[in-house]
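This report walks through one protein model, starting with the confidence of the prediction and then turning to its strands and some of its residues. Please keep the sequence and the structure in view while reading.

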Amino acid sequence: DKDISEYGLEYGNFGDYGATFKHSQGFGEKVRASINIVAQGVDDEAREYDYLDLSGQVGSEELENHRNANSIIAKLSIDNTRLMVYSHHLNSRSGGFGFNFVPVTSDGNQVDRHIDMNLFSLTHNQTVSNHGEVIFKAYHWESESYADYGLEAGAIGDGGSVNIDQQEIRSGGDIKYLYNNKEDFKLVAGLTYEDIETGDQGSFGQPASYGNNTRTVKSALFNADYIFAEGKAKILIGGRYDTFSDIDKDHFSPRLGFNYYYDGSNTFKALYGNSFRAPNIQEISGLTGSVIGGGKELRPENNDTYELIHIYQNKQFSLNSTIFFSVFEDAINFSQTVPLQYINSEESESWGAEVESKYKRGQFSYYGSVSYVDSYVKEPKKDSSFYEGFPDWLINYGIEYSARQWPLDFSIYNTHRYSAKTLDNSDGINVEEGKSISSYVRTDFVATYYMGDRSDNNTVYFSVKNLFDRDNYISGNLGSYEGRKEPALNIMVGFRYSIQ
């Protein structure tokens with residue numbers, strides 16, 4: 001609710017740049033306008049490293065394009081409503097514009113959904129595949145114990161990293177009922193209906209061999225929380241049931257949890273959750289002359305996760321500990337035989353533990369975390385290719401210093417990864433054991449200078465990523481035996497300044 005202008009600029013040694021401008025201005029008591037302009041980019045050619053490390057093959061050349069992302073967002077609020085108009089631009093290939101009409105409170109914040117409200121929005125996007133995208137949404141909420149129902153329709157261009165040429169047209173709606181007695185019980189229940197129509201292009205420009213390129217999805221969900229034992233315990237229960245017109249197997253995703261609040265500092269949690277990914281239309285129908293579809297018998301990918309959590313927190317110190325076990329079933333992958341076919345592959349299991357802690361004393365703040373993950377395919381038992389992208393050990397620690405005598409903050413962080421693997425291309429996708437990647441150690445440093453009072457957050461900053469210029473590699477099935485190389489030492493300077 002205040003007039004404010006904010007400016008920001010940063011530049012790095014790889015041609016990284018960023019610029020921001022924000023301004024908010026009030027007109028009388030009921031009208032306020034604001035604008036937010038952001039520009040970001042990076043010169044990939046200046047990075048001087050081989051992205052895939054596969055000499056002479058597709059993608060091995062240095063990336064010579066200049067990537068950028070720009071956006072303009074304008075907002076106007078008039079007497080408890082808000083109109084937002086925006087435009088964005090990405091990689092010189094996509095962009096869009098749209099508007100949203102949302103009720104707001106007298107101070108400019110979005111209204112509480114426990115009162116009557118309506119929402120309308122119309123969005124246009126130009127996706128990476130150059131397919132136009134227009135989305136319309138309309139929702140209405142009733143008060144207190146209220147219904148929540150809406151409609152969404154429009155073309156959704158798939159901007160994913162795999163099906164980059166594919167376009168989907170989606171339409172549908174949902175209805176929800178939400179109840180909260182404001183004491184010890186909350187309930188959400190709802191139904192969703194969606195129609196999806198997929199275009200004629202599959203992955204990487206290959207034609208899709210769809211016998212049927214439409215799908216209808218029907219979903220039902222509920223979630224409930226109940227607090228008891230004088231506020232010391234809470235039970236969470238929920239689930240979602242999904243049906244697909246082009247898949248034989250329906251899916252139910254349950255959710256269970258128990259929280260125990262021992263005292264003001266200690267909380268214990270036991271959680272179970274199920275998640276899934278349904279095969280897309282391409283995986284069911286295949287690609288012409290390339291990959292055979294899995295058909296209606298192809299099952300959704302399924303993951304069950306069990307967690308035990310302890311949280312300790314006071315004013316100076318916090319300690320979070322987690323033990324987890326996960327079962328990953330029916331991963332959708334390529335067959336080992338020719339011709340290739342989309343199939344459900346082996347069951348994979350993983351378990352691990354993570355400890356994270358923060359401690360603040362005087363001008364110093366300390367942070368540290370350690371996690372361990374082990375995974376394998378059950379039958380026959382072997383290292384799991386599904387989890388090879390994750391290192392067995394991941395260690396992070398850092399320290400921050402806030403100088404009292406000077407308006408300066410310093411922070412330095414270290415990241416260590418051990419026992420990560422990359423896929424051996426000669427063995428195909430489902431390998432028994434990938435090649436280990438050398439240990440990963442990276443140090444980042446940030447110095448911040450405050451121009452004036454610290455609460456104003458007007459700063460000049462200097463940051464360095466990979467301070468000691470190590471040759472670090474991360475795993476990936478598109479990399480060579482050594483994995484994919486990360487950028488070398490990266491220096492960034494910038495400032496942020498606001499006027500009220």
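## Confidence in the model

The model is a predicted one, and its confidence varies between elements: β14 has the highest mean pLDDT among the elements of the protein, at 96, whereas strand β24 (residues 382-383) has the lowest, at 51. For the protein as a whole the mean pLDDT is 75, and 65% of the residues reach 70 or more.

Two stretches call for careful reading. Over residues 111-115 the pLDDT is below 50, although this stretch has 16 contacts in the model beyond near neighbours in sequence. The pLDDT is also below 50 over residues 384-388, a stretch with 28 contacts in the model beyond near neighbours in sequence.

## The protein as a whole

The protein contains one helix and 33 strands, and buried residues make up 35% of its 500 residues. Its accessible surface comes to about 27600 Å², and carbon and sulfur atoms account for 56% of that area. If one considers the contacts with a separation of 6 or more, 53% of them are between residues 24 or more positions apart.

## Strands β14, β15 and β18

Strand β14 covers residues 251-261, and a hairpin of four residues joins β14 to β15. Strand β15 (residues 266-277) pairs with β14 in the antiparallel sense, over seven bridges. Strand β15 is also joined to strand β18 (residues 301-313), by twelve bridges, and these two strands likewise run antiparallel. Within this second pairing, N274 stands opposite D304 in β18.

## N259, a residue of strand β14

Is N259, which lies in strand β14, buried or exposed? N259 counts as buried because its relative accessible area is 5%, and the cut-off for a buried residue is under 20%.

The surroundings of N259 can be described in more detail. Its bridge partner in β15 is K269, and K269 also appears among the residues that N259 touches beyond four places in sequence, together with K232, A233, K234, L236, F268 and L271. In addition, the side chain of N259 makes a polar contact with the side chain of Y261, at 3.4 Å.

## N314, a residue in a loop

N314 lies in the loop between β18 and β19 (317-329). This residue is classed as partly exposed because its relative accessible area is 34%, a value that falls between the limits of 20% for buried and 50% for exposed.

The side chain of N314 takes part in two contacts described here: a polar contact with the side chain of Y312 at 3.1 Å, and an approach to the backbone nitrogen of F317 at 2.6 Å. N314 and S265 are 49 residues apart along the chain, yet their C-alpha atoms are separated by 6.0 Å.

## The largest nonpolar core

Which residues form the largest nonpolar core? There are six of them, namely I196, V217, F244, I247, A278 and I284. In soluble globular proteins, nonpolar side chains tend to be buried together.

One member of this core, I284, can be followed further. Leaving aside its neighbours within four places in sequence, I284 is in contact with I247, which also belongs to the core. Its other contacts of this kind are with R215, D246, P279, G293, G294, G295, K296 and L298.

Terms used. Residues are numbered from 1 along each chain as its sequence is written. This is a predicted model: local features need pLDDT of at least 70, side-chain atom pairs count only at pLDDT 80 or more; totals for chains, interfaces and linings use all residues. Side-chain values use heavy atoms; hydrogens and water are left out. A nonpolar core is a set of buried Ala, Val, Leu, Ile, Met, Phe, Trp, Tyr and Cys residues joined through side-chain atoms within 4.5 Å. Buried means under 20% relative accessible area, exposed over 50%, partly exposed in between (1.4 Å probe, protein chains only). Contact means heavy atoms within 4.5 Å. A polar contact is a pair of N or O atoms within 3.5 Å; within protein, one must be able to donate a hydrogen and the other to accept it, and residues adjacent in sequence count only if both atoms are side-chain atoms. Accessible areas come from the Shrake-Rupley method with a 1.4 Å probe; for residues, only the protein chains shown count as cover. Two strands pair if DSSP finds at least two bridges between them. pLDDT is the predictor's confidence in each residue, from 0 to 100.
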